[in-house]
Amino acid sequence: MSVGQVLLVAVLAVPALGAVAVAATPRDRPARLVGTVAAALTLLAAVPLVFGGRSWVAWSAGAPAVRPWHQLDLPWVPGLDLRFHLGVDGISWPLVVLTALLTLLCCAYTMWRVPDGGSGRALVALLLVVEVGILGTFLALDLVLFFLFFEVVLLPMYAIIAGWGGADRRRAARKFALYTLFGSVLLLVGVYVVVAAAGTADVVALTGGGGLSRGTQLVAFTLLALAFAVKSPLWPLHSWLPDAHTQAPTVGSVVLAGVLLKMGTYGLIRVAVGVAPEGARWAAPVLGVLAVAAILVGSLVCLAQVDVKRLIAYSSVGHMGFVLLGVATLTATGIQAALIGNVAHGVITGLLFFLAGAVKDRTGTGTLAELSGLRETSPRLAGLLAFAAVASLGLPGLAGFWGEAFAVVAAVQVGGPLWTTLGVLAAVGGALTAAYLLRLLRQVTHGRPSPAVGGVGAGLAGAELTAWVPLVLLALAIGLAPALVLGVAEAPVDALIGVVRR
Amino acid sequence: MTGLLGALLPAVPLTAGLLGLLLPPAPRPDDTTGGARARQVAVALGVAGAVGALALAVALLVTVDGPTQTSTTWVDIGGLTVTLGVRLDGAAALVAVAVTAVALAVQVYSIGYLRRGPHDDIDVDHRYPPYAAQISIFTGAMLLVVVAGDLIMLLVGWEVMGLCSYLLIAHDRRLAGAPAAAVKAFLVTRVGDVGFLLGIALLGVSTGSFRISDVLAHDHSGVTLTAAGLLLLAGVAGKSAQFPLHTWLPDAMAGPTPISALIHAATMVAAGVYAVARLYPLFTAAPVTLTVLGVLGATTLLLGALAATAQDDIKRVLAWSTVSQLGYMTGALAVGSPSAALFHLLTHAAFKALLFLAAGAVIHAVGTTLMSEMGGLRRSMPVTFWCTVVGLGALVGVPPLAGFWSKDGVLTVAESAALEGTGPAPSWVGWIVWIAGLVGVAVTAWYAGRLLLRAFFGEPRLPLVTPHDPPALLRWPVLLLAVPAALLGLAGYVGAFADRLRFPTVPVAGSEDGLVHLGPGVLLPLALLVVGAGLVALRWRRDPAGDPASALGPLRPVFARAFRLDDVQHTLVVRPVRALARAARTGDEVVVDGAVEGSGRAASGLGGGLAALHRAALPRAAAGVLAGALLIGLAAALMGVVR
């Protein structure tokens with residue numbers, strides 16, 4: 001086994017074994033520490049995946065469109081021709097690192113504060129299981145394996161919301177689980193339509209259509225896109241998300257918004273568009289229109305929202321709309337914008353949920369009307385909230401800008417009345433995004449302190465800073481050097497577009 | 001070498017600002033010095049950043065000869081190249097010097113202005129470190145716009161400025177209206193930036209690169225150029241406060257006075273005019289855009305001047321005068337002379353910074369911004385009085401003060417565009433810019449005279465306070481700014497200065513032979529100036545205690561509320577968007593989520609119903625089983641028959 005293959009296995013095995021170890025450690029605090037160490041080791045294994053394995057990047061006509069840097073291909077269930085096929089390339093690597101980082105930050109945060117509802121040990125173990133599922137989804141190069149990992153995430157996430165969430169947590173968790181299960185059913189059918197028609201589940205072989213007939217591709221794309229649209233979520237299949245976010249504990253919201261939604265957009269790019277490019281071309285206008293509807297409706301709902309966490313949840317609908325618009329253009333610019341938008345949204349919305357959680361923990365309320373004057377009592381927290389909001393509204397120079405601006409650029413690039421209109425409307429959505437985030441800031445940070453805010457101390461805990469500072473720095477770094485994400489993604493995206501546009 | 005200077009120019013204040021943000025924002029409760037140390041560090045960082053930038057700008061001005069540019073790939077997104085690099089010429093260096101000089105004056109002035117006085121009941125300099133840091137970032141962002149060699153880089157500076165204006169306008173915690181004004185400033189400019197982004201997208205997609213030199217060199221189609229130009233103008237109108245996106249600027253007076261000076265003189269409003277000058281060949285190639293700009297500019301010019309006549313707040317008079325002067329600059333661009341526009345931008349930077357800082361000294365001394373509570377300050381504040389006289393003289397264009405030369409330059413170009421059709425746009429655009437400019441001269445003289453008479457002449461209307469000239473930290477920036485406000489216009493005679501403002505890439509219009517034009521043409525604006533000033537002086541002589549604005553009669557409330565455009569904006573944009581937002585929220589919760597919840601309820605209802613059906617007594621259950629068996633038997637028999 002090469003170093004790369006060892007790392008691939010380690011990225012999945014370390015958190016899985018970590019979860020077992022956490023569950024086996026009898027005392028609460030040491031168990032959380034074990035979990036945090038496991039998450040840190042996972043990140044350490046994920047980062048070096050970027051090295052090596054890229055010697056054959058140059059595109060040649062015969063090469064497959066997916067060319068992993070490292071891959072591991074083992075027979076798994078030979079009787080059913082299922083293979084344990086993992087691989088990493090420039091499309092998946094940024095998301096793998098983001099997942100490992102956010103899980104680590106969440107585990108570290110849990111060292112300091114365990115939300116009410118259950119033991120911290122169980123929470124950390126569940127976080128690690130969720131991590132295994134998400135990382136497996138990003139690494140799987142076999143459709144059945146992909147589906148399996150996709151499903152692994154669901155139940156532990158359900159347990160996190162139902163166990164450690166807010167007052168209405170059970171209903172929200174049930175809705176989350178049932179709604180996304182509905183998406184999973186479509187995914188399962190879609191996967192088997194593809195596998196039955198093509199006779200293989202290998203993503204590398206399937207990417208580019210793999211000889212699927214036009215009819216099969218249309219059916220497969222419709223099923224897969226619907227499944228991923230539920231997860232992403234794409235308007236109007238989003239309504240599980242506000243409830244789940246509002247009720248989930250802080251770390252649950254961070255993982256949910258930061259990386260769980262990315263499974264949908266990643267699946268759309270890697271599986272739906274890759275396997276059924278003809279279906280993608282056929283459905284692109286519909287996808288584009290829905291994406292822009294998501295941007296506009298999401299922003300407008302945020303403008304009328306009265307709860308901080310719910311507002312940030314709906315902002316995810318708008319932001320993911322930009323990502324999906326980028327994918328829908330089916331251009332290299334659009335897909336690259338979608339990839340960096342994905343990562344940026346994970347970093348920024350992760351930070352926003354951390355901060356909203358901190359505000360809610362300190363004041364005991366998430367209602368906007370009861371919050372004001374935070375900059376008087378806790379200037380640093382208010383400053384960080386302002387930074388996160390400004391990053392979220394896509395200020396050029398910060399991470400959020402590239403994905404949103406270049407989704408618009410890609411729509412303009414496609415041209416024609418439909419896409420130009422979509423580009424214009426998406427840009428208008430950018431202004432609405434600014435409107436609701438400024439409304440949030442004005443309400444929460446400015447003015448005289450409300451009774452709820454009046455008692456808030458100025459200090460921030462060390463664990464909070466530990467969890468937040470990496471995200472702040474990352475938002476700045478990706479904004480100033482977008483090549484951190486896009487540099488590795490350029491070759492695989494060009495290869496993908498090469499087969500999609502054929 | 002020049003490229004390095006250009007790259008360092010925005011980097012120095014940006015670094016100072018980012019470092020300043022790391023300082024503790026507010027004194028800790030256990031800090032007995034009240035955060036004095038953090039304040040000193042913040043002052044040092046802010047001033048050092050501004051001094052460094054000024055030195056770099058001056059060095060750049062000395063070394064730059066001819067356009068220079070450097071560039072390196074920033075990121076390549078699907079075949080569209082975004083570069084990182086600077087594009088320098090004489091005009092960029094001159095604007096950079098103006099920006100950094102005003103920024104330095106503002107940093108120094110703020111030290112004295114935002115300090116707790118013996119009579120202040122609360123701490124006015126609360127949170128000085130972030131304030132100074134935000135000024136540094138604001139300056140750096142403007143310098144980024146000035147030197148940017150790539151449209152995306154320009155956009156970065158452009159929007160960061162919007163953010164800094166938001167943060168600084170909301171700085172003063174004592175004003176209840178400040179947060180709303182700050183949000184308005186960011187949002188109105190952001191609405192314009194929707195167009196700016198789309199314009200950049202169109203140009204970038206058409207070129208395949210966002211580098212300004214590539215964009216200028218590319219042969220765009222006519223439709224692309226017109227569309228992109230008009231879209232860019234939306235962003236310019238937002239930043240440079242052109243009708244109909246000017247409404248944020250007067251409200252931005254809620255910010256501390258030094259910030260007003262910064263926004264009005266050096267940063268923000270200058271960016272729009274500068275960006276048009278920077279991309280001027282694109283606009284001349286699509287004359288429709290310049291026609292639109294001319295109409296907007298002339299409207300803005302008159303709107304701002306008339307609104308300034310009826311304000312009682314001294315800062316709002318100056319704010320509306322900025323709106324009006326920006327109309328002169330965009331008018332000059334529309335009639336084909338970016339040189340005249342930038343010349344006026346530079347002189348305006350000097351005299352408007354002077355006027356705001358002098359007004360700040362007045363407000364500092366009397367504790368109010370309302371002119372109805374001032375009066376008679378000429379004797380108690382002689383230094384401030386004379387500096388204000390110089391600033392207002394430059395504003396109305398009294399020879400030989402700075403504004404006279406630059407405004408005359410704008411009017412001459414407009415006259416030639418009107419009479420001889422030398423402009424890139426149709427000659428009627430020249431006519432409206434020229435006539436609006438001439439009327440503007442008279443109105444400007446009127447409101448400037450009113451400001452001077454109301455604030456500095458007559459009897460004091462607030463006898464309780466004893467005003468005095470400001471302390472040295474406030475006085476010196478004002479005094480030093482009076483020098484360029486008085487003399488900068490004469491620089492138009494200096495060859496090196498005029499050469500740096502000449503645009504090599506612009507097709508030379510008929511009258512573009514120099515910056516200053518001293519001919520019989522100057523008599524007309526001078527006569528109008530005398531008429532305006534004479535009218536207000538006559539009115540004041542008749543009733544020294546009254547407000548000359550009463551001469552406006554029924555128009556006074558209309559002008560005071562600036563033609564109620566705020567209300568129009570509220571009715572046409574803000575309220576519909578809010579209603580739409582409420583409708584979207586209701587629709588989302590009732591229809592979209594209702595369908596989900598409804599299907600859930602329907603499923604469990606159906607399940608409940610079926611469960612109830614299954615809970616049957618023995619006879620019915622037995623009948624059911626038998627019926628089922630019968631059905632299966634029938635089906636088996638039928639299938640057997642078929643087979």
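In this predicted model, helix α19 (residues 427–456) of chain B packs on helix α22 (residues 523–542) of chain B at an angle of about 35°, and the axes of the two helices lie 7 Å apart. The crossing that α19(B) and α22(B) form is right-handed. On the side of α19(B), the contact is made by Leu438(B), Val441(B), Ala442(B), Val443(B), Thr444(B), Ala445(B), Trp446(B), Gly449(B), Arg450(B) and Leu453(B). The residues of α22(B) that make this contact include Leu524(B), Pro525(B), Leu528(B), Leu529(B), Gly532(B), Val536(B) and Trp540(B).

Two helix pairs in chain A, which have α6(A) in common, can be described in the same terms, since two packed helices are described by the angle between their axes and the distance between the axes. The axes of α4(A) and helix α6 (residues 154–164) of chain A come within 9 Å and cross at roughly 150°. An angle over 145 degrees counts as roughly antiparallel, and α4(A) is therefore roughly antiparallel to α6(A). The crossing in which α4(A) passes α6(A) is left-handed. Here Leu123(A), Leu126(A), Val129(A) and Val130(A) of α4(A) meet a set of α6(A) residues made up of Pro156(A), Met157(A), Ala159(A), Ile160(A) and Trp164(A).

The second partner of α6(A) is helix α11 (residues 250–275) of chain A, with which α6(A) packs at an angle of about 150° and with the axes 10 Å apart. By that angle, α6(A) and α11(A) are therefore also roughly antiparallel to each other, and α6(A) passes α11(A) in a left-handed crossing. From α6(A) the contact draws on Met157(A), Ile160(A), Ile161(A) and Trp164(A), while α11(A) contributes Gly252(A), Leu256(A) and Leu260(A). Met157(A), Ile160(A) and Trp164(A) thus appear in the contact with α4(A) and again in the contact with α11(A).

At the start of chain A, helix α1 (residues 3–24) has 22 residues and reaches 29 Å from its first C-alpha to its last, which is close to the 32 Å expected at 1.5 Å a residue. The helix α1(A) nevertheless bends by about 30° at Ala10(A). Its buried residues are Gly4(A), Leu7(A), Leu8(A), Val11(A), Leu12(A), Val14(A), Pro15(A), Gly18(A), Ala19(A) and Val22(A). What do the buried residues of α1(A) pack against? Their partners in chain A are the helices α2 (28–46), α3 (93–112) and α4 (120–139), together with the strands β1 (70–77) and β2 (82–88), and one of these, α4(A), is the helix that also crosses α6(A).

Between the two chains, 37 residues of chain B are in contact with 43 residues of chain A. On the side of chain B that touches chain A, β2 (72–77), α5 (151–169), α6 (178–207) and α24 (565–614) of chain B each supply at least two residues, and the largest share, 13 residues, comes from α6(B). Helix α24 of chain B holds Arg585(B), which, leaving aside its neighbours within four places in sequence, is in contact with Val301(A), Ala304(A) and Gln305(A). Because 19 other C-beta atoms lie within 10 Å of its own, Arg585(B) is partly exposed; a residue counts as buried from 20 such atoms upwards.

The backbone deserves a closer look in several loops. Most residues other than glycine have a negative phi, and most peptide bonds are trans. In chain A, the peptide bond from Ser232(A) to Pro233(A) is cis, with omega near -10°, and Pro233(A) is found in the loop between α9 (214–231) and α10 (240–247) of chain A. In chain B, the peptide bond from Phe243(B) to Pro244(B) is cis, with omega near 5°, and Pro244(B) has its place in the loop between α8 (222–239) and α9 (248–251) of chain B.

Positive phi values occur at two residues that are not glycine, beginning with Leu330(A), whose phi is near 55°. Leu330(A) sits in the loop between α13 (308–329) and α14 (332–363) of chain A, and Leu330(A) counts as buried because it has 21 C-beta neighbours inside 10 Å. Phe563(B), with a positive phi of about 60°, lies in the loop between α23 (555–560) and α24 of chain B. Is Phe563(B) buried or partly exposed? With 13 other C-beta atoms within 10 Å, Phe563(B) is partly exposed.

Key
Residues are numbered from 1 along each chain as its sequence is written. Chains are lettered from A and ligands numbered from 1 in the order in which they are written. This is a predicted model: local features need pLDDT of at least 70, side-chain atom pairs count only at pLDDT 80 or more; totals for chains, interfaces and linings use all residues. Helices (H or I, at least four residues) and strands (E, at least two) are DSSP runs, numbered from the N terminus. The expected span of a helix is 1.5 Å times one less than its number of residues. The bend at a residue is the angle between axes fitted to the seven residues ending there and the seven starting there. A residue is buried if 20 or more other C-beta atoms lie within 10 Å of its own, exposed if 12 or fewer, and partly exposed in between; C-beta atoms are placed from the backbone. Two residues are in contact if their C-beta atoms, placed from the backbone, lie within 7 Å. Axes are lines fitted to C-alpha atoms, for helices over the stretch in contact, and angles run from 0 to 180 degrees between N-to-C directions. Angles under 35 degrees count as roughly parallel, over 145 as roughly antiparallel, 65 to 115 as roughly perpendicular and the rest as oblique. A crossing is left-handed if the near helix is turned anticlockwise from the far one by less than a right angle, and right-handed if clockwise.
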